[in-house]
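User: I would like to learn why the words used for this structure are the right ones. Could you take me through them one at a time?

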Amino acid sequence: MIPVARPYLPRREKLDAYLDGIYECNVLTNNGPLVQELTRRLRDYLDVEHLLLVGSGTLALQVAYRALGVSGRDDRPQAITTPLSFVATASSLKWEGVEPVFADIDTETWCLDPDSIPPLVGGRTRAVVPVHLFGNACDTEAIEAVAAAHGLPVIYDGAHAFGARYRGASLLARGDATTVSFHATKAFHTVEGGAIVFRREADLARARTLINFGQAGPDQIEGVGINAKMSELQAAMGLCVLDEIEACLEPRREAWHAYVEELQTRACLQRMNGGLEHHSYVYFPVAFADEAQMQRVKDALLAAGVGARRYFFPALDRIPELNPERPASRTAGDLAARLLCLPLGSGRDATERVLKTLRAVLPGLGKAAGDG
Ligand SMILES: *Cc1c(COP(=O)(O)O)cnc(C)c1O
């Protein structure tokens, strides 16, 4: 089965060399030399200043909420977020005791619609949590203007936006904080892992204490913390993948462009924010005509040995456990029901097999535009 996301395995000899080093110096975790090296290298590669490595993308969100005073309070805080994302965006809020309040999405970019935020701001609103969905950039200027007008911090879930550039700078440098996931199925990975990019140095310092049980130093506890540290073994994998990041991204980029070329005139694709300069190639989402067509395509792909996945379904404001208060967004619900993500990173033969299957199922596909 061709997986929707194939974890990238770097050269074995390189990883072995890092493991030899770990055996030599006997440091396995607690901000060891490899975590420090990966931190420096990612700061350079991503062109960001205040970066903190953590144990997962979900912990990155939780720690960011804490560090910015969104969670860890007893006044029933709320955060305004998007109904279309991976469940962790909203479940991490819930886990932190923050009620997610679901706004709406833009019908073309599929990201949080800035105009849907102001009507939801109330006395308990403590943050805005947008998602750079499928690597597209949110309308950051409009979202940040709305948030600033209400004195709210913005925490972007940038799990899909590794390496993304926006108007001449890193997309991850926007907002008060942006989180990234380094899970094995994302493009860049550390097996499990993640990072938070903070705007302010003081927030990074606070988060550094939070992820180490709240220990500010030996015998010094500063508030309630958690263990969210990245280990040396995870950092070793990250250093290996980062060395080969071009080889890791290239097959994804190639498949991505092949899909765009074939599908842009015949299926509904995400409209990219015009300010986005460097795409992350983490997902290739397609919105089919309706749920029935999506299901036909999915079944045909499965029969052809292709594991296309419904990312992201159901829409988060239809999940009872996240107790959404307001009526669910029709835009997000309708889109989520039609979405399917195609495999990236499994090579040319895999891409061709996907396209061949799509041509067989979808009428009109494979003919030149205008052929009817
Ligand atoms: C993958 C993902 C996460 C969670 O990251 P983990 O590293 O798996 O904990 C959070 N948000 C989004 C949008 C994701 O896709």
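Analyst: Let us begin with pairing: two strands are said to pair if DSSP finds at least two bridges between them. Please keep in mind throughout that this is a predicted model.

User: What makes strand E8 and strand E9 a pair?

Analyst: Strand E8, residues 177-181, and strand E9, residues 194-198, are joined over 5 bridges, and since the rule asks for at least two, they pair. The sense of this pairing is antiparallel, and within it Val 180 of E8 stands opposite Ala 195 in E9.

User: Which strands make up the sheet that contains E8 and E9, and what makes some of them edge strands?

Analyst: The sheet is an open one of 4 strands, in the order E1-E9-E8-E5, and its pairing is mixed. Strand E1 (50-54) and E5 are called edge strands on the ground that each pairs on one side only. Neighbouring strands here are turned by 20° against each other on average, with direction ignored.

User: Why do E3 and E4 stand at the edges of their own sheet?

Analyst: That sheet is open as well, with 3 strands in the order E3-E2-E4 and parallel pairing. Strand E3 (99-102) and strand E4 (125-129) each have a single partner strand, so one side of each is left without a neighbour in the sheet. From one strand to the next, the twist averages 30°.

User: How many bridges join E2 to E4, and what follows from that number?

Analyst: Strand E2, residues 78-81, is joined to E4 by 4 bridges, and the two run parallel; the rule asks for at least two bridges, so they count as a pair. One of the bridge partners can be named: Thr 81 is matched with Val 129 in E4. Helix H4, residues 88-95, lies across E2, E3 and E4, and runs at about 140° to E3.

User: What is said about the two faces of strand E14?

Analyst: Both faces of E14, residues 339-342, are covered, with Leu 339 and Cys 341 buried on one side and Leu 340 and Leu 342 buried on the other. Such a split fits a general rule: in a regular strand the side chains alternate between the two faces of the sheet. Strand E13, residues 284-287, runs antiparallel to E14 and is joined to it by 4 bridges, with Pro 285 opposite Cys 341.

User: Why is Pro 153 called buried?

Analyst: The relative accessible area of Pro 153 is 17%, and the word buried applies under 20%, so the residue falls on the buried side of the cut-off. Pro 153 is found in the loop between helix H5 (140-149) and strand E5 (155-157), and, leaving out residues up to four places away in sequence, it touches Val 70, Arg 126, Ala 127, Val 128 and Asp 176. Its C-alpha atom is separated by 9.4 Å from that of Gly 69, although the two residues are 84 apart along the chain.

User: And what makes Leu 210 buried?

Analyst: The reasoning is repeated with another value: Leu 210 has a relative accessible area of 13%, and the limit for buried is under 20%, so the term applies. Leu 210 is found in helix H6, residues 201-210. Among the residues Leu 210 touches, beyond four places in sequence, are Val 63, Arg 66 and Ile 226.

User: What makes the crossing of H1 and H7 differ in name from that of H2 and H7?

Analyst: H1 passes H7 in a right-handed crossing, whereas H2 passes H7 in a left-handed one; the near helix is turned clockwise from the far one in a right-handed crossing and anticlockwise in a left-handed one. Helix H1 (residues 12-25) and helix H7 (residues 232-243) pack at an angle of about 145°, with axes 9 Å apart, and their contact divides into 9 nonpolar, no polar and 3 charged residues. The axes of helix H2 (residues 33-46) and H7 come within 8 Å and cross at roughly 35°, and this contact divides into 10 nonpolar, 1 polar and 4 charged residues.

User: Where does pLDDT stay under 50?

Analyst: It stays under 50 over residues 368-372, for which the model has 4 contacts beyond four places in sequence. Where pLDDT is low, the predicted coordinates should not be read in detail. The chain as a whole averages a pLDDT of 95, and 98% of the residues score at least 70.

Technical notes
Residues are numbered from 1 along each chain as its sequence is written. This is a predicted model: local features need pLDDT of at least 70, side-chain atom pairs count only at pLDDT 80 or more; totals for chains, interfaces and linings use all residues. Side-chain values use heavy atoms; hydrogens and water are left out. Buried means under 20% relative accessible area, exposed over 50%, partly exposed in between (1.4 Å probe, protein chains only). Contact means heavy atoms within 4.5 Å. Axes are lines fitted to C-alpha atoms, for helices over the stretch in contact, and angles run from 0 to 180 degrees between N-to-C directions. Ala, Val, Leu, Ile, Met, Phe, Trp, Tyr, Cys and Pro count as nonpolar, Asp, Glu, Lys and Arg as charged, and the others, Gly among them, as polar. pLDDT is the predictor's confidence in each residue, from 0 to 100.
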